[in-house]
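Dear colleague,

I am handing over the structure we spoke about, with the sequence alongside. Please open it before reading on, as the notes below are meant to be followed residue by residue.

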Amino acid sequence: MRQHRTFPRLRLLGSLLLVVAAGVAGTGAAPGGAAATTAPGVRPLGDIVPIPASVHPGGSPYTLTARTRIHVDPGAHEARRVGTYLARVLRPSTGYPLPVTGAGGAGGIRLRLSDRETALGDEGYRLESGSRGVTITARGPAGLFHGVQTLRQQLPDSVEAGTRQPGPWQVAGGTITDTPRYGYRGAMLDVSRHFFTVGQVKRYIDRMALYKINTLHLHLSDDQGWRIAVDSWPRLATHGGSTQVGGGPGGYYTKVQYRDIVAYAASRHLEVVPEIDMPGHTNAALASYAELNCDGVAPPLYTGTEVGFSSLCVDKEVTYDFVDDVVREIAALTPGRYLHIGGDEAHSTSHADYVAFMDRAQATVAKYGKTVVGWHQLTAAKPARGALAQYWGLDRTGDAEKARVAEAARNGTGLILSPADRLYLDMKYTKDTPLGLSWAGYVEVRRSYDWDPGAYLPGVPADSVRGVEAPLWTETVSTDAHIDRMAFPRLLSAAELGWSPAASHDWEGYRQRLAGQGPRLEALGVDFHRSPQVPWRTGQAGQAG
C-alpha cells in the first residue's frame, strides 16, 4: 500500500474548503503553510471527489477560450483517444471547437504520456495549471484519463450540461499529484433481479468513470433471470432471461451487446467482471434445463425475492459440463482478468457438496485463463491461488465468520470489501426511503463513508485488501431514476475510500466537497438523494444554496 506524506496539509485543505466552498475568494493551503489566493468563482484546487493525494495551489487560473486546443504528442494514439474523449465532454457546454492536435504549440490543454513517470504507476497523474495552460502527465493512458476527470471537476459544474452555457471556464492554478490507494475500485450492477439495457449500463459507466471507479461488476445470473447468451445452452437466455422480479419481460444481452458493454467500459478505463452465481442463486438455469436438477424436473421461473432455495446438482457430471461451457464462452467474451463465480447463500447445498463444487468450478475458471472472484463464503471452501474474496458481511457479523475470512487473507487470498451495512447501495438511507431494503440496516451517507477499509476486518493484513466495491442489488430498482437515487451520492463514498489515502479521511471535509458535487450531478441529469447530512450547494462552482 502506498504511503503518502502530504496529509496534514490536506486536512487543512478540507477545513479550508468550509470557507471557500461558496465560491468567494479564499486562501488555499500549500506545503509549508504558504498561502495561495483563489480567484472569485473559481473552484479551489482539490475541491473534488475523490480528494487527490497531493494538492499545491498557487498562481493564476487557466481560462478555456474558443482558441483552446488539446495537444498530444505526435503518434501518441492513446493520448489522442483521451483527448478526443475530453473534447466530446467539453464541446456541448462551452460551444468551443477544442481541436485535438499533435502539431505542437504553446498553451491550451496538453496531455502527456511518459514512461519515465514511474512514481505515478499505471493510474496516477500530475495536473499542472497556470495562466498559460493545463498539462496532465501520466505514465499510462488510465492515469491520463483519471487526470481528465480531475480537470472536469475543477471546471464549473455547468460544464457537464448538454447545451451551451455562459462560462467562464476557469481552472485554479497549481499542481495536483495523484495516485490511487487501491487498484480495485468497483461498482456492481445487478441486472438479474431487474434487467437493464445496454444504454442504461453505459449511462452508469459514464457516471462511475467521473469518480475514478475502474471496475464494473455485472451480476449476470440469479434465480430471477439469466442475462447473457450462451450458445451451447441457448435456453439460459431465451427462457431463463424471460422474466424478472415481479414479472415483466426481463431480457438478456446477446454476445454482440455484451462485447459492446465491455468495449465501452474499456474506453472509460473500466474493467468488466462478469458474475455467474453458483451453485446457489441458480433457479433461472434450473428452470431452463431439467437435467441440471437432481430430480430431473425443471422448476418454474421465479419472480420473487427470497434467497437460498436453489442449487445446481453437485453429483451430476452434466453440471460440470454446464459450468465448463458457460465459463469458456464468457471468458472468451471478457478480456479482463477476473470471472466471478458467486458462491453466496448456497443454503440448499451441503458443506461437503459446496466444497467439492467450488474446487471444480475454480479449476474451470483457471483453465480458461481467468482469476476467480467469489463472495466471501468462498473461504468456507479452499480459495484458489490468487483468488479474491468479496466480503459483504456486517459490523454485527459473527466473529467466527470474520476470523475465517481473516485466515484466508493471511494465507494469500485478496479481499474486496463490500460490507452491506456500509456499501450496499440498495439499502435504504432511512426508514422513510421509498426504495430499497433494510435487512442490513439503514445506510446514510456518513455511514457509507466513515470507515477505513484497511482496518475494517480484525486480523486482516492491510496489504490483503485489494480494494472496495459498492454493489447495487435491484429487487426494488428498475429504472435509471431508481439507480440515480440509490447510488448517488453513496457511490462517491466508495470512490473516495478506494482512491484517496487513508490519511485524508475526514467526514467534515468530505461532506463539504460532496456538497459541491450536487450541482454537477444535477447538470448530468442525476436525481440523487439530497441527504440532510450534506450542506448541498447550487449554482456555478458550488455557490451556497
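To begin with a single position, in which loop does proline 335 lie? Proline 335 is placed in the loop between α8 and β17 (338-340), and at 68% relative accessibility it counts as exposed, because the cut-off for that word is over 50%. The C-alpha atom of proline 335 is separated by 27 Å from that of valine 89, and the two residues are 246 apart along the chain. Please keep in mind throughout that this is a predicted model, and that every value quoted here was computed from it.

Valine 89 leads on to the pockets. Val89 is among the residues closest to the centre of the second largest pocket, together with Tyr85, Arg88, Asp206 and Arg268, out of 22 residues that line this pocket. The space in the second largest pocket comes to about 440 Å³. Two or more lining residues are given by each of α2 (77-94), α3, α4 (198-210) and α6, and the largest share, 8 residues, comes from α2. By class, the lining of the second largest pocket divides into 10 nonpolar, 4 polar and 8 charged residues.

The largest pocket holds about 760 Å³ of space. Its lining is made up of 31 residues, and those nearest the centre are Glu123, Gly183, Tyr184, Asn214 and Arg337. The elements that contribute two or more residues to this lining are α3 (141-154), α6 (255-267), β16 (271-275) and β21 (465-472). Sorted by class, the lining of the largest pocket has 15 nonpolar, 8 polar and 8 charged residues.

Next, the disulfide. The structure holds 1 disulfide, which joins cysteine 294 to cysteine 313 with an S to S distance of 2.1 Å. Both cysteines belong to the loop between α7 (283-288) and α8 (317-333), where they stand 19 residues apart. The torsion about the S-S bond is about 100°, so the disulfide is right-handed. As for surroundings, cysteine 294 counts as exposed at 57% relative accessibility, whereas cysteine 313, at 3%, counts as buried.

The loop between α7 and α8 also takes part in the aromatic contacts, of which the structure holds 20 pairs. Tryptophan 233 and tyrosine 289 form an edge-to-face pair, 4.9 Å centre to centre and with 80° between the planes. Because tryptophan 233 lies in the loop between β15 (225-226) and α5 (235-238) and tyrosine 289 in the loop between α7 and α8, the pair ties together parts that are 56 residues apart in sequence. Tryptophan 233 is buried, with a relative accessible area of 8%, and tyrosine 289 also counts as buried, at 12%.

A stacked pair is formed by tryptophan 392 and tyrosine 424, 6.5 Å centre to centre and with 20° between the planes. Tryptophan 392 comes from the loop between β19 (388-391) and α10 (399-410), and tyrosine 424 from the loop between α11 (420-423) and α12 (445-449), 32 residues apart. Tryptophan 392 and tyrosine 424 are both buried, and they belong to one aromatic cluster with Trp375, Trp439 and Trp473.

Charged side chains also meet aromatic rings in this model. The charged end of arginine 490 sits over the ring of tyrosine 429, 3.7 Å from its centre, while lysine 212 lies over the face of tryptophan 499, at 5.7 Å from the ring centre.

Finally, some notes on the backbone. Most residues other than glycine have a negative phi, and most peptide bonds are trans. Against that background, a cis peptide bond joins glycine 167 and proline 168, with omega about 0°, and proline 168 has its place in the loop between α3 and β10 (169-171). Another cis peptide bond, with omega about 5°, joins methionine 278 and proline 279, and proline 279 lies in the loop between β16 and α7. Histidine 281, also in the loop between β16 and α7, has a positive phi of about 55° although it is not a glycine, and it is buried, with a relative accessible area of 2%. Glutamate 345, likewise not a glycine, has a positive phi of about 50°. Glutamate 345 is found in the loop between β17 and α9 (351-367), and its relative accessible area of 19% makes it buried, because the cut-off is under 20%.

With best regards

Technical notes. Residues are numbered from 1 along each chain as its sequence is written. This is a predicted model: local features need pLDDT of at least 70, side-chain atom pairs count only at pLDDT 80 or more; totals for chains, interfaces and linings use all residues. Side-chain values use heavy atoms; hydrogens and water are left out. A disulfide is a pair of cysteine sulfur atoms within 2.5 Å. Helices (H or I, at least four residues) and strands (E, at least two) are DSSP runs, numbered from the N terminus. Buried means under 20% relative accessible area, exposed over 50%, partly exposed in between (1.4 Å probe, protein chains only). On a 1 Å grid over the protein atoms alone, a cavity is a set of points where a 1.4 Å probe fits but cannot get out, and a pocket is an open set with protein on both sides within 12 Å along at least five of seven lines; lining residues have an atom within 4 Å of a point. Grid points are joined across faces, edges and corners, and a volume is the space filled by probe spheres set on the points. Ala, Val, Leu, Ile, Met, Phe, Trp, Tyr, Cys and Pro count as nonpolar, Asp, Glu, Lys and Arg as charged, and the others, Gly among them, as polar. Rings of Phe, Tyr and Trp (its six-membered ring) pair if their centres lie within 6.5 Å; planes under 30 degrees apart count as stacked, over 60 as edge-to-face and the rest as tilted. A charge sits over a ring if NZ of Lys or CZ of Arg is within 6 Å of the ring centre and within 35 degrees of the ring normal.
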